[in-house]
Amino acid sequence: LSSSNGANGAAVLAQKALDAIAQAITIDDHDLFITSSLGVTLFPVDASSPDQLIKNADLALYRAKAEGGHRFQFFLEQMNAEVLQKKSLERELRRAIERAELSLVFQPQFSIGGGRPVGAEALVRWQHPERGPIPPKAFIPVAESTGLIRPLGRWVLEEACRAIRRGLDAGQELAVGVNLSAAQLRHGDFAASLRELIAESGIPPDLLEIEITESLLFEPSNDAIAEMLRRIAHLGVRLAVDDFGTGYSSLAYLKRFPVHKIKIDQSFVRDIGRDTDDDMIVTAMVNLAHSLGKRVIAEGVETERQLQFLRELGCDEVQGYVLARPMPEAALRELVARH
């Protein structure tokens, strides 16, 4: 759009287009509704070449969709900076995987009864040689959107299996949980690849726990996902549902999928003892899981009050800062040895 019309005129036109598209369309006595998103860029304020204007509008459109859709979004210069930063981070992350700049830390998981470590969640860390530590929330989304999550996820699985093997060699039998992305599950024959990895490391498969998000079980391709998860479970590998309670209300998947454990999301654990609604929700989750023969672990446990509530409730395991923060493998070995 030309800047001569002004941003206000562009906004009015964009909203009219959204409203017109949103009108019901009747086909065979059925009303159908279409929502849309628009990206708006101004000439010559934002750019003067057709190619650049199209790129700007596309960036604005992407932001409109990310904000929930059925809206319009003006192009902002910072969008270009964000794209360039993402591309730079992608290149550096690719090199980081090749140059061994990544490492794993482990957050211990404790038995609620005896308070001894029974497992640990593997968490990836990136120590950039120039920029220092880069948080996972900055590079994991980049890895997922660019396909780098597959080699990154493979590396994490390999390192986790090696850590389990080193623990066994030291006389410590400790399960390790690894987060699995949808991209890893869909790519190739993941179960076969996992079987080879377990055989190479020589570890008991039930010491490896794959964590999947609740939303992954409700994707359109969930028949294929269900089959893949069954094959993974057939290997003897344990399956856990991460972020339990934050996704869909249907609980049928607890019966349909070979889930061994559910992880109650920290958003419910945070207000235990202060919010009766959360108290009741956590109680219902634990009782439901136990009635279906599933183990339950609460994550994000940060206070003694939360810990005591979960202990009285009969939650099987806990994980959180009140007991231990993520730590290097050597520190984990020392912790296990003390118990």
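A residue counts as exposed when its relative accessible area is over 50%, and as buried when that area is under 20%. By this criterion Asp223, at 53% relative accessibility, is an exposed residue. Asp223 is located in helix 8, which covers residues 222-234. The model discussed here is predicted, and the same vocabulary of burial serves throughout.

The overall frame comes first. The chain contains 13 helices and 13 strands, and its C-alpha trace spans about 75 × 50 × 40 Å along the principal axes. Of its 339 residues, 42% are buried. The accessible surface amounts to about 17700 Å², and carbon and sulfur atoms contribute 52% of that area. Among contacts with a sequence separation of 6 or more, 65% are between residues 24 or more positions apart.

The interior can be approached through its nonpolar core. The largest such core has 81 residues, and those with the most contacts inside it are Leu152, Leu185, Leu194, Leu208, Ile232 and Leu310. Helix 5 supplies the largest share of this core, with nine residues. Leu208 illustrates the packing: apart from neighbours within four places in sequence, its contacts include Leu157, Cys161 and Ile164, as well as Val176, Val178, Leu194 and Ile198. Val237 and Arg238 complete the set of residues in contact with Leu208.

Helix 13 shows how burial can be distributed around a helix. Within this element, residues 329-338, the buried positions are Glu329, Leu332, Arg333, Leu335 and Val336. Viewed down the helix axis, these buried residues fall within an arc of 160°, and therefore they line one face of helix 13. The face turned away from the buried side carries the exposed residues Ala330, Glu334, Ala337 and Arg338. On the buried side, the packing partners are strand 5 (102-111), strand 6 (117-128) and helix 5 (149-169). One of the buried residues of helix 13, Leu332, also offers a distance across the model: its C-alpha atom is separated by 38 Å from that of Asp223, 109 residues away along the chain.

Charged side chains add another set of connections. The model has 17 salt bridges, including two that involve helix 3. Glu90 pairs with Arg94 in a salt bridge whose closest N and O atoms are 3.2 Å apart. The two residues are four residues apart in helix 3 (residues 77-98), so about one helical turn separates them. Glu90 is partly exposed at a relative accessible area of 21%, and Arg94 is also partly exposed, at 38%.

A second salt bridge joins Arg131 to Glu92, with 2.5 Å between the closest N and O atoms. This pair links distant parts of the chain, since Arg131 is in the loop between strand 6 and strand 7 (132-134) whereas Glu92 is in helix 3, 39 residues apart. The partners also differ in burial class: Arg131 is partly exposed at 44% relative accessibility, while Glu92 is buried at 16%.

Helix 5 has a salt bridge of its own, between Glu158 and Arg154, where the closest N and O atoms are 2.9 Å apart. Both residues lie in helix 5, four residues or about one turn apart. Arg154 is partly exposed, with 29% relative accessibility. Elsewhere, salt bridges with shared partners join Glu121, Glu211, Lys263 and Glu299 into one network.

The backbone presents several local features in loops. Phe43 and Pro44 are joined by a cis peptide bond, with omega about 0°. Pro44 belongs to the loop between strand 3 (38-40) and helix 2 (50-66). Further along, His70 has a positive phi, near 50°, in a residue other than glycine. His70 is placed in the loop between helix 2 and strand 4 (72-74), and its relative accessible area of 37% makes it partly exposed. Ala100, again not a glycine, has a positive phi of about 60°. Ala100 lies in the loop between helix 3 and strand 5. At 63% relative accessibility, Ala100 is classed as exposed, because the cut-off for that class is over 50%.

Conventions:
Residues numbered from 1 in each chain as written. Predicted model: local features only at pLDDT ≥ 70, side-chain atom pairs only at ≥ 80, totals over all residues. Heavy atoms only, no water. Buried < 20%, exposed > 50% of the residue type's maximum accessible area, 1.4 Å probe, protein only. Arc of directions from axis to C-beta. Contact = heavy atoms within 4.5 Å. Salt bridge = Lys/Arg side-chain N within 4 Å of Asp/Glu carboxyl O. Core = buried A, V, L, I, M, F, W, Y, C linked by side-chain atoms within 4.5 Å. Areas by Shrake-Rupley, 256 points an atom, 1.4 Å probe, with all protein chains shown as cover.
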